[in-house]
Amino acid sequence: MKRKFWCFTVIIFSCLMIFLFLFSDDSVAIMKKRDKDSIHIYLIGDSTVSTYKPKLAPRMGWGQKLNDFFHERVVVHNASIPGRSSKSFYDEGRFQKVKREIRKGDYLFIQFGHNDAKKADVKRYTDPFTTYKMYLKKYIDEAREKGAIPILVTPVERRNFSKQGNIIDSHGNYPSAMKELAVEENVELIDLTTKSKQLFNKIGPENTKKIFLWLEPFEYKHFPEGKKDNTHLQEQGAYTIASLVVEGLVEINSPLKEYVKQD
């Protein structure tokens with residue numbers, strides 16, 4: 001009887017794991033066990049930050065590579081979800097899951113903006129200087145309620161070049177609104193929009209294809225038709241953008257800089 005019970009339990013557990021693998025979000029939150037000496041960073045954001053399953057390789061968000069830059073004491077929990085705005089992430093209850101986990105002394109990195117500008121979508125659209133700031137402030141306030149340290153991150157720029165070979169701003173007033181809120185709420189900010197724009201202008205239209213999801217047909221089995229995506233990152237790009245985020249931490253003199261690996 002016991003043997004049948006355990007066989008039944010194993011079957012149910014296996015089915016559950018298969019279900020979660022097949023039907024969960026394409027992003028995968030990285031949750032690791034805590035210990036008293038560990039430093040924890042929680043990431044909330046959109047597809048440019050998210051962690052992806054191997055079936056979508058080489059697509060990656062910069063949050064998937066952030067842990068590579070820190071010593072083992074630092075643990076990154078990537079709760080970012082593709083397609084979300086500052087509004088939809090909150091309204092769907094996504095942040096409540098993070099809020100249950102986050103503790104005093106932890107860090108919360110907040111990057112939204114790519115999907116906030118979609119006016120036709122009432123579930124995602126926010127106005128830069130009103131509702132966008134309002135939702136960002138919710139994350140700031142609720143993180144502080146838990147004793148966590150919020151850090152705002154302006155959205156990574158898209159690969160959108162002019163005929164003259166210069167990056168065209170694609171985020172409108174959202175980065176400016178986030179900067180304004182950072183001053184109002186006395187929150188540290190990493191200007192990833194400016195940093196990424198400067199990098200893309202420096203390396204040019206052709207080399208930025210290695211940053212973004214520009215793939216030749218049959219180059220990767222998951223993309224047999226190839227891809228020309230000017231928003232999402234591939235592995236090299238995820239690593240490069242994560243390095244800019246870490247560079248920003250050093251520039252704002254965050255205590256996290258003490259845990260950054262030295263070359």
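In this predicted model, the axes of helix α4 (residues 128-145) and helix α5 (residues 174-185) come within 10 Å and cross at roughly 45°. The two helices α4 and α5 are therefore oblique to each other. This briefing also covers the packing of α3 with α4, the nonpolar cores and the residue S85.

**Helix α4 with helix α5**

- The crossing in which α4 passes α5 is right-handed.
- On the α4 side, the contact involves P128, F129, Y132, K133, L136, K137, I140, D141 and R144. These residues meet Y174, S176, A177, M178, E180, L181, E184 and E185 of α5.
- Sorted by class, the contact of α4 with α5 holds nine nonpolar, one polar and seven charged residues.

**Helix α3 with helix α4**

- Helix α3 (residues 94-101) packs with α4 at an angle of about 20°, and their axes are 10 Å apart.
- Angles under 35 degrees count as roughly parallel, and α3 and α4 are therefore roughly parallel to each other.
- Here, too, the crossing is described by its hand: α3 passes α4 in a right-handed crossing.
- From α3, the residues F95, Q96 and K99 make the contact, and from α4 the residues Y139, E142 and E145.
- By class, the contact of α3 with α4 comprises two nonpolar, one polar and three charged residues.

**Nonpolar cores**

- The largest nonpolar core contains 33 residues, and I41, W62, L66, F70 and F109 have the most contacts inside it.
- Two or more residues of this core come from each of the elements β1 (39-45), β3 (74-78), β4 (107-111), β5 (149-153), α6 (192-207) and α7 (235-251).
- Helix α7 supplies the largest share of this core, namely six residues.
- Leaving aside residues up to four places away in sequence, F109 touches I41, Y42, L43, I44, W62, L66, I151, V153, V245, L249 and L256.
- There is also a second, separate core of 27 residues, which includes F89, Y90, I102 and I110.

**Residue S85**

- S85 is located in the loop between β3 and α2 (86-91).
- Buried means under 20% relative accessible area; S85 has 0% relative accessibility and therefore counts as buried.
- Leaving aside residues up to four places away in sequence, S85 touches F112, N115, D116, K123 and R124.
- S85 and Y135 are 50 residues apart along the chain, and their C-alpha atoms are separated by 9.5 Å.

Note on methods: Residues numbered from 1 in each chain as written. Predicted model: local features only at pLDDT ≥ 70, side-chain atom pairs only at ≥ 80, totals over all residues. Heavy atoms only, no water. Axes fitted to C-alpha atoms, helices over the stretch in contact; angles between N-to-C directions. Helix = DSSP H or I, 4+ residues; strand = E, 2+ residues; numbered from the N terminus. Parallel < 35°, antiparallel > 145°, perpendicular 65-115°, else oblique. Left-handed = near helix turned anticlockwise from the far one by under 90°. Contact = heavy atoms within 4.5 Å. Nonpolar A, V, L, I, M, F, W, Y, C, P; charged D, E, K, R; others polar. Core = buried A, V, L, I, M, F, W, Y, C linked by side-chain atoms within 4.5 Å. Buried < 20%, exposed > 50% of the residue type's maximum accessible area, 1.4 Å probe, protein only.
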